[in-house]
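Me: I'm new to this structure and would like a close look at one part of it. Please pick a sheet with helices packed on it, go through it slowly, and then show me what else is worth finding.

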Amino acid sequence: MTRGNHIKAKRKLASSPLLDSYRPIPGVLDEMVDAQGQPRPIWKRFISVIEELGADELQARFARADQYLRDSGVYYRVYDRDGASEREWPLAHVPLLVDDTEWAAISAGLTERADLFEAICADIYGANRLVADGLLPAGLIASSPEYLRPLVGVTPVGGHFLHFCAFDLGRGPDGGWWVLGDRMQAPSGAGFALENRVATTRALSDIYGEMHVHRLAGFFRRFRDALTSMAGEPAGRPAILTPGPLNETYYEHAYIARYLGVMLLEGEDLTVTNGKLMVRTVSGLKPITVLWRRLDAAFADPLELRPDSRIGTPGLTEAIRAGSVTMVNALGSGILETRAMTAFLPGVAQALTGKPLDLPSVATWWCGRETDRQTVLANFDRMMIGPALSTRLPFEDDNTTVLGSSLDSDARASLIRRIKADGAAFVGQEAVTLATAPVFVGRTLEPRPASLRVYLARTPDGWAVMPGGFARIGFSLDNTAIAMQRGGQAADVWVVSDKPVKQESLLPNERDGFKRNLPGTLPSRAAENLMWLGRYIERSEDTARILRAYHARLAETSDPDMPLLADIRDYLEPYGIDAEAAIPDALIGSLDSAVFSAGQIRDRFSPDGWLALRDLSKTVHRFATQVHPGDDATRAMTVLLRKIAGFSGLLGENMYRFTGWRFLEIGRRLERGIQMARSLAWLTRDDAPDGALDMMLEIGDSVMTHRRQYAYAGRRSLVDLLALDPLNPRSVFFQLDRLKHEISHLPEAGERGHLSPAAKDVLRIHTGLATDEPGDLSPEALNALGDDIAGLYTSLAKAYFA
Amino acid sequence: MLYDIRLQLHYDYDRAAGGSRHHVHVAPQTIPNVQRVIASSVSFGPTPSERSDFLDFFGNAVTSVAFRSAYDELDIRMSARVSVSRPETGLDVSPKLADLGGEIATVRSLAPDAPHHFLAASDFVDLDPAITDYARDSFSAASSVTGIANDLCDRIYADFTYDGEATTVATKAADAFAIRRGVCQDFSHVMIAGLRGLGIPAGYVSGFLRTIPPPGKERLEGADAMHAWVKVWCGQQAGWQEFDPTNGMRASNDHITVGYGRDYSDVAPIVGVLKTTGSQTGEQAVDVVPVG
């Protein structure tokens, strides 16, 4: 910006339409403007710049940010009456600005708080001094489902229970920050904070560069380094444990795993042997020594925690007791989130640190204490009343947590009766009016209640505080309306300095020494999903090729009873493919399965690859409702084949040739070999109808080559080109060549000169075919060849996926 | 009393199970003022790939085993020699129910025998209003906590029918209560639910029962199987008292303890996920033989 722009900006500010139309709520503090409606210092520059951009330019820029999020496939999962669905990430484009001196105070307060929680957790699972001294009620702890008895008396291997925490903060009417919730179990959203940052800076890159906003990458780098050093590489590795793709924040788990370069695992990837936690990989069992879990502790081990958990690892608790793995955070730390616990924090803080907390919680009363119960009943209208043992945030707990004054007289009497009868079950919390932050509604800025989520990570040098986080912005003026599930928005948080800030990236500086990381190991489940992705994509392509040839002929003759068409229908029928439908369900199914397989391993996918795959799936679903048999379907298949080729090209050109790629490639070659052998057997049989050979050449995409290489068209020339030719990328032999190569490069395929069973199998089939002549390959022989290739899957699965 | 106890658990699987991990709670241990274990051993067939023994939160002996290769039947054998000697039931020194809450609150401890662990609902024991109402009748009949427990124990014995077919190992307290039928596990869960509903801490005791009938008396139920009964916290002074609602009696020197828990799930003889798609069948054989 030049000096002239500054002056212009200042002049404009005098009559700022954005500010003029902004109406803060009387009596409620606003982040952007003061009580007189004047912008606060750190917001002045921001407002003048967006004002200057003009409404049209701003809308275009916001659209760009949204486009970025869509292109990256950022979503979150919502649960409602109709089940679960993926929603676009609701980015509120205006960031929340916080001055970095104020941020320093927040950081110090949260660090103190994190230390306090560490001490409480260590005491609850250790000496129990707080209970003995009457600072925590034994009954409250013992009745909490988050109090995990199998972990009592277990000291974490590194000495710490907590490694990654989050806090939800709100600003009260007096301008001070209050802690609304402490997230100590498996806090989510750190990855979304990163994505918010990337998207927001897409829209506001110039002002972001100018405003001295603290960078986020350094925080993640320090945490990753902490994980790696705790893991003690190369003997052990860190990993992230996710409940799986159905979890509401799975996208974020995959994103963080990819961003940090850490393995993303599910419970079934892990097993425990002799007290050690191991991941099943294609190279055998490998030790995991740090597990950043993103699932609730109760689900982590069906043997000692919840027996009905299907996403856990039996024996994990034993591995923890044996001291072989550090949990981030310790199993059992969820008890710290118990809402009633908040009522005891002031006393515990005073006893342990000799002073009150700098960043206090919202005032909380546990009705299991008689004096607290009296306070709650006496101030009923001003209380948020909810279950004592809930670990949800009050504003996310809309079914069970209510504002006293919002109840009608019956509900009120009933709740008061229940509090009197069973006080221990209830907690009252002061209803805080949250400060508002600006959000665009259409083209004008409007105030909405905002809360702030901040992350802390333990490093060898103590707690690191993420300089930023994400803000939740309500969709209405209702304070409880900020939860994402209910349609709130998320905004980036800019911690703004008046001096230039350090530019940081996740990559260590090469000046610090060049180091080549160990290649990652590939979990068996990921390998299996990659292989199936390859198979489903190839199956979709093969099906589309046959269907295109079918519909092209149907369009020419308009006679579905023509022998060749009937013959193709007969061929496809056993595979569940109904050629009479323009877009058979089986084709949709195989593309959906490809998306599903890829969805299981989002961390291994580039956003581009994922987008291309999603586009394929959307296209085929759209076609299913629009396309008619014949010419229309021919063109639809051409579109699908082009998109499949695009996806394959993306993988071929962009995927690093490591073990994962080999499994994907093996899947594709396996499927193509099987399909080619089978269709060739069918269409080259003696009683095949007229036109079958031409059709086969078309399906095999080899019409031109055939014309060049053979003087005539017959059964043998086709078999020669499509089964035996080593140079034709569609031939069966070509697939076996590729399979032989890839399988021989898999882990332990040729250990000490001995071939693995799969390597032997593929060599046998390859050699057999290499010595065959076209005349040897009768339809029966071709079918047997297809079966042999299909059999390779079994030996591979046994060796690598078991 | 001195006993030789033998237990054999046998499981057959439709299809071979493999890669499984189990926790086994079958071995009695020495418990002051209850019993002394002179010898005990637990063995498995096939031999597990891994085995370790530890004490769980409640102080129960747990044998953890893992099998890496597949098997289609599993045998667990336990044998022990145990001397049981419980103190005589003395005078009722338990408080009135109205004063019990205050006494519980004075226990500033999360030790395994602290009453706090045994008040809330647990996996098999919901605080079912119907059971609480049922238990409340015992409250009017007697005023002390021990008296209430005694009365409830007797009423369950009188009102419920012992029926091995009516319930399964997974039946919850409320379901057994609705049909007034079941086995020792169900009777115990119902009694626990009733007591907790009244605010009385109550836990589950798993063990064995000597089943040879004394001359002239009816044979006790619970033969040829593991047994279960209830422990009740009757205030600071009276402490834990044990009741057997299946037989309408206090736990005696015929009751040999394996473990304590909030309900069956804490002390089930065998827990663990089996990786098999087929069904499984189990048998158990128990011998409790008085020695000398």
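**A sheet and its helices in chain B**

Reply: Let's start with helix H3 (residues 145-159) of chain B, which in this predicted model lies across strand E10 (227-233) and strand E11 of chain B, running at about 15° to E11(B). A further helix, H5 (residues 184-197) of chain B, packs on the sheet too, touching strand E9 (202-209) and E10 of chain B. The direction of H5(B) makes about 15° with that of E10(B).

Now for the sheet itself. It is open, has five strands, and reads E12-E11-E10-E9-E13 (chain B) in order, with antiparallel pairing. At the edges you'll find strand E12 (249-250) and strand E13 (255-261) of chain B, each pairing on one side only. In general, the strands of a sheet are held in pairs by backbone hydrogen bonds, and they can be parallel or antiparallel. Zoom in on one edge: E12(B) is joined by two bridges to strand E11 (residues 240-244) of chain B, and these two run antiparallel. To see one of the partners, find Phe243(B), whose bridge partner in E12(B) is Arg250(B).

While you're in chain B, look at another strand, E3 (residues 35-45), where Ser43(B) sits. Is Ser43(B) buried or exposed? Neither, quite: it has 13 other C-beta atoms within 10 Å, so it counts as partly exposed, since 12 or fewer would make a residue exposed and 20 or more would make it buried. Asp75(B) is 32 residues away from Ser43(B) in sequence, yet their C-alpha atoms are 8.2 Å apart.

Chain B also touches chain A: the contact takes 18 residues from chain B and 19 residues from chain A. On the chain B side, eight of these are nonpolar, six polar and four charged.

Over in chain A, try helix H24 (residues 715-724). Eight of its 10 residues are buried, so the rest of the structure largely encloses it. Among the buried ones are Arg715(A), Asp720(A) and Leu721(A). The buried residues of H24(A) pack against several helices of chain A, including H21 (659-683), H25 (732-744) and H27 (779-800).

Finally, the cores. The largest nonpolar core has 150 residues, and Ile141(A), Ile240(A), Leu291(A), Val454(A) and Ala471(A) have the most contacts inside it. Apart from that one lies another core, of 82 residues, with Leu721(A) and Phe734(A) among them.

Notes. Residues numbered from 1 in each chain as written. Chains lettered and ligands numbered in written order. Predicted model: local features only at pLDDT ≥ 70, side-chain atom pairs only at ≥ 80, totals over all residues. Helix = DSSP H or I, 4+ residues; strand = E, 2+ residues; numbered from the N terminus. Contact = placed C-beta atoms within 7 Å. Core = buried A, V, L, I, M, F, W, Y, C linked by C-beta atoms within 7 Å. Nonpolar A, V, L, I, M, F, W, Y, C, P; charged D, E, K, R; others polar. Pairing = 2+ DSSP bridges. Axes fitted to C-alpha atoms, helices over the stretch in contact; angles between N-to-C directions.
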